[in-house]
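Work through the exercises below with the sequence and the 3D structure at hand, and try each task before you read its solution.

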Amino acid sequence: MIQRVLVIDDSETDQFICSCVLEEHNSSIEIIKAYDGKEGLEILATLDTPPELILLDINMPRMNGHEFLIEYNSIYDNPASVVVMLTSSNQEQDKEAAMRFAFVKEYQQKPLSADSVRYLESVLVS
């Protein structure tokens, strides 16, 4: 079961949609928000327990999703969190670059949906 999610996205609208969908799925999920990859890494460094799931956008200021993946991979030898790319990009090169990382389990188009959350929870359990 998903207990904690880190949503990394610079769009307040997409942050809001993610929060609503996750809370509707399970109101006890702790939702942590970061507005770019750099802030996401800073938040992760402060947590005693990592989130089970990181929802990551690609196109963001300061540190984009691809840069986050590279840095995250270099900091954590065996990342405890599953990363799901949640982006508006349907570019094949973006998908290929993200899916090279073993901890990236899915590449999905925005917005997050209730069906996606149910599916992601089943992926995390298996």
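**Exercise 1: The two faces of a helix**

In this predicted model, helix α2 (residues 37-46) has Gly-37, Gly-40, Leu-41, Ile-43 and Leu-44 as buried residues. Explain why these residues lie on the same side of α2, and find what the buried residues pack against.

*Solution.* Begin with the directions around the helix axis: the buried residues cover an arc of only 160 degrees, and therefore they sit on the same side of α2. Next, turn to the face that points away from this buried side, where you will find the exposed residues Ala-45 and Thr-46; exposed here stands for over 50% relative accessible area. Then look outward from the buried residues of α2, which pack against β1 (4-8), β2 (30-34), β3 and α3. Finally, go to the start of the helix, where a side-chain oxygen of Asp-36 comes to within 3.0 Å of the backbone nitrogen of Lys-38.

**Exercise 2: A strand and its neighbours**

Describe how strand β4 (residues 82-87) is covered, and determine with which strands β4 pairs and in which sense.

*Solution.* First consider the cover: six of the six residues of β4 are buried, that is, under 20% relative accessible area. Val-82, Val-84 and Leu-86 point one way from the strand, while Val-83, Met-85 and Thr-87 point the other way. Now take the pairing with strand β3 (residues 53-56), which is parallel to β4 and joined to it over four bridges, with Val-82 as the bridge partner of Leu-53. Between these two strands the chain passes through helix α3 (residues 65-75), and this β-α-β crossover is right-handed. Strand β5 (residues 104-109) also runs parallel to β4, with five bridges joining them, and in this pair Met-85 stands opposite Tyr-107. From β4 to β5 the chain crosses through helix α4 (residues 92-99), and this β-α-β crossover is right-handed as well.

**Exercise 3: The nonpolar cores**

Which residues touch the most other members of the largest nonpolar core, and which elements each supply at least two residues of this core?

*Solution.* As background, nonpolar side chains tend to be buried together in soluble globular proteins. The largest core here has 22 residues, and those that touch the most other members are Ile-54, Leu-56, Phe-68, Leu-69, Val-83 and Met-85. At least two residues of this core come from each of β1, β2, α2, β3, α3, β4 and β5. Apart from this core lies another, of 15 residues, which include Val-5, Val-7, Val-21 and Leu-53.

Note on methods: Residues are numbered from 1 along each chain as its sequence is written. This is a predicted model: local features need pLDDT of at least 70, side-chain atom pairs count only at pLDDT 80 or more; totals for chains, interfaces and linings use all residues. Side-chain values use heavy atoms; hydrogens and water are left out. Buried means under 20% relative accessible area, exposed over 50%, partly exposed in between (1.4 Å probe, protein chains only). Two strands pair if DSSP finds at least two bridges between them. A crossover is right-handed if, with the strands pointing away from the viewer, the path from the first strand over the helix to the second runs clockwise. The arc is that of the directions from the helix axis to the C-beta atoms. Contact means heavy atoms within 4.5 Å. A polar contact is a pair of N or O atoms within 3.5 Å; within protein, one must be able to donate a hydrogen and the other to accept it, and residues adjacent in sequence count only if both atoms are side-chain atoms. A nonpolar core is a set of buried Ala, Val, Leu, Ile, Met, Phe, Trp, Tyr and Cys residues joined through side-chain atoms within 4.5 Å.
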